[in-house]
Amino acid sequence: MQPETVTTSNISFEEYRNQILRDYKIALVSRECSLLGRREVLTGKSKFGIFGGGKELPQLAMARVFRNGDFRSGYYRDQTFMMAIDQYTIEQFFAGLYAHTDIKREPFAAGRQMGGHFATHSLNEDGSWKNLTQQKNSSSDISPTAGQMPRLLGLAQASKVYRNEKVLPEQNNFSIKGNEVAWGTIGNASTSEGLFWETINAGGVLQVPMVISVWDDEYGISVHAKHQTTKEDISLVLEGFRRDENHEGYEILKVKGWDYPALMDAYETAEELAREKHIPVIIHVKELTQPQGHSTSGSHERYKSEERLNWEREHDCIKKFKEWIIDHNIATAEELLDIEKTSKKEVRKGKTDAWNAYISEIKAEQNEALKVLKSVEAKSENKNFISPLLNTLAAKEEPIRKDILEATRKTLRYLTKENFVEKTALQQWVDSYQNRIQPKYSDHLYSEFETKAINIEEVPAQYSNDAELVDGRVIIRDNFEYIFNRVPEALIFGEDSGKIGDVNQGLEGLQEKFGEIRISDAGIREATIIGQGIGMAMRGLRPIAEIQYLDYILYCVQGLSDDLATLRYRTFAKQKAPLIIRTRGHRLEGIWHSGSQMGGLVHLLRGIHILVPRNMTKAAGFYNTLLESDEPALVVECLNGYRLKEKMPSNLSEIRTPIGVVETVKEGTDITLVSYGSTLRLVEQAAKELLSTGINAEVIDAQSLIPFDLNHDIAKSVAKTNRVLIIDEDVPGGATGYMLHKLIDEQNIYQYLDSKPQTLSAQPHRPAFGTDGDYFSKPSVEDIFEKVYEIMNEANPTDFPKLR
């Protein structure tokens with residue numbers, strides 16, 4: 001073990017000693033929390049636990065060099081680090097274990113995520129940004145292995161933008177001259193994931209200030225490193241990424257996880273390189289242990305040899321730390337024993353306090369329910385059935401809310417044929433209780449602040465009498481130029497987005513005007529393009545991440561679904577990432593560039609607005625609207641619309657397309673046709689041709705799928721026409737099925753219908769190549785015409801005899 005100096009700072013021995021003993025106590029408290037946390041799971045007070053035992057020392061070293069303004073993007077082993085930066089208490093540890101829904105007691109997720117998922121608060125109570133440079137920051141964790149890595153890239157890239165983009169102030173609420181470091185942590189087994197490798201490559205290319213710590217305990221759950229990593233050594237495999245005198249790359253450090261002074265030296269070196277020079281660093285922390293196994297789901301004795309278990313006992317980092325302290329006369333064994341006893345007492349007290357705070361709230365709700373139930377029991381003729389429900393609930397010493405609602409709701413079943421005041425009181429109590437409690441589990445999927453996107457009022461396009469007809473791409477390009485002049489925090493990046501101005505010239509010439517930081521090319525790596533956007537949006541920038549084609553979004557749907565879509569929800573509105581994802585799709589030819597993923601996206605991306613403009617004017621309005629809001633959104637431009645002519649609006653920069661509002665593009669009386677995007681043009685053409693047969697169809701552009709028709713304008717249309725057909729180019733049951741659900745279950749259009757509501761979508765396979773492939777794979781004008789005619793034939797066969 002190296003008897004080197006712990007810190008390069010000039011401090012007295014007493015200060016030096018106090019630092020070390022503080023670290024020792026934090027390590028002990030963290031370990032004791034893990035041990036007691038496991039017991040709480042095994043006794044049934046918590047569903048599941050996953051802890052940071054064995055990783056204490058390297059996290060203390062990382063905490064020592066973590067500064068205000070820095071960001072962490074890690075995983076569920078980092079509890080010691082969070083305690084060391086004073087962002088995690090014993091009570092909060094157990095509140096997370098119990099899933100306490102009070103954000104003040106469980107500040108990371110208000111009980112929505114299992115323990116071990118850490119986050120700091122970036123937002124004030126009104127949803128505005130805090131000054132992130134004055135606090136230590138942790139981006140909200142997610143469980144998917146390596147899912148934290150793409151976001152880490154963006155958190156680090158924000159510092160590079162703030163340091164080098166002169167249009168931004170040198171100091172603001174998000175950065176001080178770009179001096180902030182993004183600190184990532186990952187388990188050694190998770191380095192097998194593609195997201196890790198994609199992030200490593202992108203970080204080396206971009207040269208951003210991130211330090212990645214790999215906690216290596218030789219196992220991934222029960223699977224040994226020999227099944228995980230070539231040569232069983234991730235830093236050895238990463239040697240090709242190491243920087244040298246001729247090439248940029250990473251500084252790669254390797255250090256033993258039980259060697260306290262060596263860890264301190266390694267993290268000081270990493271911090272200096274990343275913070276001062278923006279050189280990315282990888283720290284491979286080897287010889288760590290996991291004394292409780294992967295999680296509470298099993299025991300590590302099942303898969304580790306006795307030899308390995310003995311080694312882990314001898315090389316436990318806290319044991320080694322204690323030996324080092326004694327060997328170097330920093331404290332005596334007796335002094336350390338006192339710290340150990342104090343730490344155990346504090347953890348036990350914290351656990352008790354956290355449990356009492358959690359259970360007392362629910363017990364109060366239990367007593368409310370029992371009071372109402374007893375009143376009903378006394379009056380009901382079905383007392384014999386109600387009493388067991390009441391007694392079962394009353395006997396619960398540690399009730400949960402499910403117990404309360406089961407008893408009260410089941411009681412109502414026995415009162416259906418009775419009528420008395422106490423029954424009404426029970427009905428009202430159940431409704432009130434559900435309305436009071438449900439938001440604890442469901443609020444904040446979307447913004448509930450004044451800045452939410454649906455609050456931005458529409459500003460329609462205006463046209464002069466001599467408005468020029470231009471390619472759609474010109475409208476989108478000119479609007480982006482207005483955006484980049486108006487919003488200094490805005491930047492866009494993606495494949496071909498920079499030098500050539502995107503594949504459809506929607507960014508033509510903008511890199512020359514605004515520079516390579518704001519209009520930039522990215523490698524072929526969709527997952528980290530999204531990660532760049534998430535991280536930068538979390539640090540106050542307004543990124544637009546471009547995914548070249550809609551098909552390619554499948555490469556990054558994991559990050560969109562697990563990270564971006566859930567961020568506001570899983571932090572109880574304490575963090576946000578108002579990222580705009582720009583892509584294009586629909587009506588191209590061939591399996592790979594014309595598929596429609598809308599049905600999948602509307603289900604996987606709840607938490608992100610999904611906008612489907614029919615032309616570039618509408619798309620431009622959506623971008624303008626979103627930049628006045630603070631919510632993430634996916635905008636799908638029409639791939640075949642860039643060369644189609646549109647009138648140039650005279651108020652282009654002022655246009656605001658409303659979100660969640662449909663538009664009636666043709667009025668009619670006989671049937672309501674609903675569509676979006678490129679397919680809407682075919683619907684409009686079919687509606688014109690239907691007029692020749694006496695069918696006057698009303699055509700409605702959905703415009704946005706999430707949210708969908710908030711004003712229920714489609715229901716108003718169906719009330720007039722009494723028939724509805726929903727058309728798109730997705731697979732059967734995809735987005736059309738989603739829209740039909742909205743119309744039937746939420747808008748109750750069944751009460752207006754004289755014919756069965758129907759959908760018309762593409763074939764269940766990907767589109768075949770060529771014009772004929774498109775015609776036989778997706779709805780054509782003829783398909784739409786004949787489907788509408790068939791509906792009218794069924795309603796009135798005399799006026800509309802069969803076509804064939």
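Which residues are buried in H21? Met-616, Thr-617, Lys-618, Ala-619, Ala-620, Gly-621, Phe-622, Tyr-623, Asn-624, Thr-625 and Leu-626 are. Keep in mind throughout these close-ups that this is a predicted model.

**View A. Helix H21 is mostly covered.** The helix runs over residues 616-626, and 11 of its 11 residues are buried. Lys-618 is on that buried list, and so are Phe-622 and Tyr-623. Look at the start of H21 for a polar detail: a side-chain oxygen of Asn-615 comes to within 3.2 Å of the backbone nitrogen of Thr-617. Thr-617 itself is one of the buried residues of the helix.

**View B. A patch of positive charge sits on the surface.** Its members are Arg-39, Lys-341, Lys-345 and Arg-348. Which helix gives the most to the positive patch? That would be H11 (residues 333-379), with three residues. Arg-348 is placed in H11, and its relative accessible area is 41%. That value makes Arg-348 partly exposed, because it falls between the 20% and 50% cut-offs.

**View C. Ser-343 is tucked into helix H11 as a buried residue.** Zoom in on this serine, which has its place in H11. Is Ser-343 buried or exposed? Its relative accessibility is 1%, so it counts as buried. The side chain of Ser-343 has a backbone partner, reaching the oxygen of Ile-339 at 2.7 Å.

**View D. Glu-56 and Arg-31 form a salt bridge.** The closest N and O atoms of this pair are 2.8 Å apart. The bridge links distant parts of the chain, with Glu-56 in helix H2 (residues 56-64) and Arg-31 in helix H1 (residues 13-42), 25 residues apart. How accessible are the two partners? Glu-56 has 0% relative accessibility and so counts as buried. Arg-31 comes out at 13%, so it counts as buried too.

**View E. Lys-645 and Asp-471 form a salt bridge between two strands.** Here the closest N and O atoms are 2.9 Å apart. Distant parts of the chain are linked again: Lys-645 belongs to strand S16 (residues 645-647) and Asp-471 to strand S9 (residues 469-471), 174 residues apart. The two ends of this bridge fall in separate exposure classes, as their values show. Lys-645 is exposed, with a relative accessible area of 55%, whereas Asp-471 counts as buried at 16%.

**View F. Glu-746 and Lys-742 meet in a salt bridge within helix H24.** Their side chains come to 3.2 Å, N to O. Both residues lie in H24 (residues 735-746), four residues apart, which is about one turn of the helix. Is Lys-742 buried or exposed? Lys-742 is buried, with a relative accessible area of 16%, while Glu-746 counts as partly exposed at 39%.

**View G. Shared partners make a salt-bridge network.** Five residues are joined here into one network: Asp-502, Glu-546, Arg-582, Arg-584 and Glu-637. The links between them are salt bridges that share partners. For the wider picture, how many salt bridges are there? The count comes to 60.

Key. Residues numbered from 1 in each chain as written. Predicted model: local features only at pLDDT ≥ 70, side-chain atom pairs only at ≥ 80, totals over all residues. Heavy atoms only, no water. Buried < 20%, exposed > 50% of the residue type's maximum accessible area, 1.4 Å probe, protein only. Polar contact = N/O pair within 3.5 Å; in protein donor to acceptor, adjacent residues only side chain to side chain. Patch = residues over 30% accessible without salt bridge, like charges linked within 9 Å, V, L, I, M, F, W, Y side chains within 5 Å. Areas by Shrake-Rupley, 256 points an atom, 1.4 Å probe, with all protein chains shown as cover. Salt bridge = Lys/Arg side-chain N within 4 Å of Asp/Glu carboxyl O. Lys, Arg positive; Asp, Glu negative; His and termini not counted. Charge placed at Lys NZ, Arg CZ, Asp CG, Glu CD.
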